[in-house]
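Q: Please take a close look at one part of this complex, the open sheet of one chain, and then place that part in its surroundings. Short sentences will do.

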Amino acid sequence: MTLLIGALIIGLILALLALGVLVSFRIFSMPDITTDGSITLGASIAAVLLVQGVNPVLATLAGALGGAAAGATTGILHTQFKINSLLSGILVMTALYSVNLHVMGRSNVPLMQATTLASFGEKLGEWLVGSKTIHILGWPVASADAAVLVLALGFTAAAGAAMFVFFRTQLGTAMRATGDNPQMIRALGSNVERNIILGLALSNGFVALSGALLAQYQGFADAQMGIGMVVWGLASVIIGEALTGTRSLGLTIVGTIMGSVLFRLLVAIALRWGLNPNDLKLITALFVFAALVLPGFIEKLKRRAPTAT
Amino acid sequence: MLTIRGIRKTFNPGTVNEVRALQGVDLTIEPGSFVIVLGMNGSGKSTLLNAVAGSFFVDEGTLTLAGHDVTKWPEHKRAKLIGRVFQNPFSGTAPTMSIAENFALASKRGHARGLGWALAPNLMKPLRDRIASLKMGLEDRLDNAIGSLSGGQRQALTLLMATWLKPELLLLDEHTAALDPKSADQVIQLSDEVIQRDKLTTLMVTHSMQQAVSLGDRIIMMNRGRVLHDIRGAEKKRLRPEDLIDRFEEVRRRELLDESAAAMLNELYI
């Protein structure tokens, strides 16, 4: 049960990462590897501030803003210096590795003693329930874990709703049109370059927010924690699209959150069954590869079928 | 309204792909006039439109539009003054977004876009009415992705979007060339209606002699990046398609002569 709740919480926290990837990859059609650096940046900024006793909400917000700045940098490299979008992301991600080490001062910052959003949630849960455990559907659950799960669910739902609302505003629709047809939105007087910079800032802001929360939940920030996270986000987005389709923006956002949770659950089950953790990134990459290639392949088979019979 | 002074543009200068697309164009377009731009492929007519729209900056010369010197304005800033319909029906609309959202974007052309709701309630009623007036049955499909419509429908909608806020200048770049004849007729009729009703200053590029003689009040014929003929007033009214074809023939003959002369010079001296 604890394992399940842990997987759900991490899935919900990483759903914010997946939403960030949704913005860069689906809305701007720009796979942005800055993600790998900005999730760590969000975690390190939040961790360092928390160790110094800063209010957890402010620390989390500062982490998210750091990620937004990193995303804006990628956007500026791409639009102002005309560097290929993928390469812009690679440059910023590489630079962020050093930045993160400088922010933390070492490669790992533990948060055992600090007051974090997670420790706050745990205390809140025990205080509300009044005992260490609570029974859900007959299962004993640590009330601290249950409270953190509810908080994570509320937080991610609110973030998803905020993203949905933003992309329905005048500015948000112009940003979606930028990914859809830049020529059209330029002819309608919107600054395409500025929209891309804003979009990547938004994307990486969500990613770093996810990193800041993840650090608080797992109790440490680590310089290596970002490796392969963009692929993780892509996997969640793709699973989400399979779950809810892409007919509307709202469905896509809900699907992405569900995709992240489901993916984390599958991974937890696989690890439980004895999957070597070292193979996790390889399997994630293979999964995304299959998800990108299979639809076209199946389409081809379908088209060939009538001639065969 | 629009004053073009001595604009020049060379693409890929100093390379084998050098193209002198505009070689000194001077043009003054009065408010409310509807100007047809004709010319053979490579004559610079689309380049002229793109220079006015700001797709690139000109090498020399100035562009003044509605009292502003727009020579150094980027494209998205000029869009405040200019409505535009492209040749490719896919260029003017955002395919995965709904009809209503596309118009919401158009309703903010040249204005700051804030955090207000894009599909503002006060936009929907006039939008439905205007789209119903097209008689294409699209008024009940405002939430459908615009990419699911035909080229003709998309081009008609792009025209409405470009003129939703009255532009100082309307640029139509062979906007019916990619359509089937029936849709092309519909879009041309709609264009003429909108232009007459709102008295829009218009520059329209076309390949169709029929459109050139039946529409507009002035014809600019371009050749090799320059304005070759400027036909207006009574002469424009009298013009028949055959007259235009004659003028094209004349250009062609001159071009051939140029080429054969160049070949002769080559043989003699090189």
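A: The sheet of chain B comes first, then its helices, the contact with chain A, and a helix of chain A.

This is a predicted model. Confidence comes before detail. The mean pLDDT of chain B is 91. Of the residues in chain B, 99% reach 70 or more. For the complex, the predictor gives an ipTM of 0.88 and a pTM of 0.90.

Now the sheet. It is open and built from four strands of chain B. Their order is β2-β1-β4-β5, and the pairing is antiparallel. The edges are held by β2(B), residues 19-29, and β5(B), residues 68-69. Each of these two has a single partner strand, so one side of each is left without a neighbour in the sheet.

Look closer at the β5(B) edge. Strand β4(B) covers residues 60-65. Two bridges join β4(B) to β5(B), and the two run antiparallel. Here B:Leu65 stands opposite B:His68, a residue of β5(B).

A helix packs on this sheet: α1(B), residues 45-53. It touches three strands of chain B, namely β1 (2-11), β2 and β4. The direction of α1(B) makes about 65° with that of β2(B).

Further along the chain lies α5(B), residues 151-164. This helix has 14 residues. From first C-alpha to last it reaches 19 Å, close to the 20 Å expected at 1.5 Å a residue. Burial is the other point. In α5(B), 13 of the 14 residues are buried, so the helix is largely enclosed by the rest of the structure.

Next, the contact between the chains. On the chain B side, 25 residues are in contact with 20 residues of chain A. Two helices of chain B, α2 (75-78) and α3 (99-106), each supply at least two residues to that side. The most comes from α3(B), with four residues. By type, the chain B side divides into 10 nonpolar, eight polar and seven charged residues.

Last, a helix in the partner chain. Helix α2(A) spans residues 34-51 and has 18 residues. It reaches 26 Å from its first C-alpha to its last, close to the 26 Å expected at 1.5 Å a residue. α2(A) is mostly covered, with 17 of its 18 residues buried. After α2(A) comes A:Gly53. The phi of A:Gly53 is positive, near 85°.

Technical notes. Residues numbered from 1 in each chain as written. Chains lettered and ligands numbered in written order. Predicted model: local features only at pLDDT ≥ 70, side-chain atom pairs only at ≥ 80, totals over all residues. pLDDT = per-residue confidence, 0-100. Contact = placed C-beta atoms within 7 Å. Nonpolar A, V, L, I, M, F, W, Y, C, P; charged D, E, K, R; others polar. Expected span 1.5 Å × (residues − 1). Buried ≥ 20, exposed ≤ 12 C-beta atoms within 10 Å, placed from the backbone. Pairing = 2+ DSSP bridges. Axes fitted to C-alpha atoms, helices over the stretch in contact; angles between N-to-C directions.
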